Amino acid sequence: VDEVIARGADIVMLPMFKTAEDAKRFIDLVNGRAKTLLLAETQSAEESIAEIAALEGADEIHIGLNDLHLEHGMDFMFELLADGTVERMGNAVKAHGIPFGFGGIARLDEGLLPARHVIAEHYRLGSSMAILSRSFYDSWVEAEPEEIRSIFRYGMLEIREFEGRLSEKPESYFEENRRRVAG
């Protein structure tokens, strides 16, 4: 922790923690020198999310769907979005005024669950962050640096434009999208 902060990290993430005590120990190690981002991706963290969110010094919480769905024995990581787990966890985090996010998003019309549906759920649930999924850009495909920059630039532009249009959607749009995701 000391080394990554000394090298200029603005945010330090704690992955795969299990208890509020683990998170508290991490927060104490960071000691306000950078923001803390707690990656809740274990069932133990899920079960104690309210206690974790109540910790002083917890700056952001991300719900890691990939590892969490595997720990639940689920076949599809967005089952946690469909069954209400993400909503319950997000509400517990928001109750403490902490920004949260979840999962990973692909390019707008790609992914097993198209990103536009996932992004609409981020909007409905009050999420303020997302991680781009591995499928956003397949790093195994060799490409020129400018082509890679173009993929990210264009993909993010599409996402930002879609986000802008979401602010104009009625509540019924988000309810229909929630049903589609749960379906």
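1. A polar contact, as the term is used in this note, is a pair of N or O atoms within 3.5 Å, and within protein one of the two must be able to donate a hydrogen and the other to accept it. The structure under discussion is a predicted model, and the points below should be read with that in mind.

2. With that definition in hand, His122 may be taken up, a residue of helix 8, which spans residues 115-125. The backbone oxygen of Phe102 lies 3.3 Å from a polar atom of the His122 side chain. Leaving aside residues up to four places away in sequence, His122 touches Phe102, Ile105, Ser127, Met129 and Ala130, so that Phe102 appears both in this list of contacts and as the owner of the backbone oxygen just described. His122 counts as buried because its relative accessibility is 7%, and the cut-off for that class is under 20%.

3. The strands deserve a point of their own, beginning with strand 1 (residues 11-14), which runs parallel to strand 2 and is joined to it by 4 bridges. Within this pairing, Val12 stands opposite Thr36 of strand 2. Helix 2, covering residues 20-30, belongs together with strand 1 and strand 2 to a β-α-β unit, and the unit is right-handed.

4. Strand 2 (residues 35-40) is mostly covered, with 5 of its 6 residues buried. Besides its pairing with strand 1, strand 2 pairs in the parallel sense with strand 3 (residues 60-63), again over 4 bridges. In this second pairing, Ala40 has Ile63 of strand 3 opposite to it.

5. Which side chain shares a polar contact of 3.1 Å with that of Thr85? The partner is Arg88, and the contact joins the two side chains. Thr85 itself is placed in helix 7, which covers residues 85-94, and its contacts, not counting residues up to four places away in sequence, are with Glu46 and Leu80. Thr85 counts as buried because its relative accessibility is 3%.

6. Glu161, finally, lies in helix 9, which comprises residues 145-166. Is Glu161 buried or partly exposed? Glu161 is classed as partly exposed because its relative accessibility is 45%, a value that falls in the class between under 20% for buried and over 50% for exposed. From C-alpha to C-alpha, Glu161 and Gly73 are 35 Å apart in space, and 88 residues separate them in sequence.

Methods. Residues are numbered from 1 along each chain as its sequence is written. This is a predicted model: local features need pLDDT of at least 70, side-chain atom pairs count only at pLDDT 80 or more; totals for chains, interfaces and linings use all residues. Side-chain values use heavy atoms; hydrogens and water are left out. Helices (H or I, at least four residues) and strands (E, at least two) are DSSP runs, numbered from the N terminus. Buried means under 20% relative accessible area, exposed over 50%, partly exposed in between (1.4 Å probe, protein chains only). Two strands pair if DSSP finds at least two bridges between them. A crossover is right-handed if, with the strands pointing away from the viewer, the path from the first strand over the helix to the second runs clockwise. Contact means heavy atoms within 4.5 Å.
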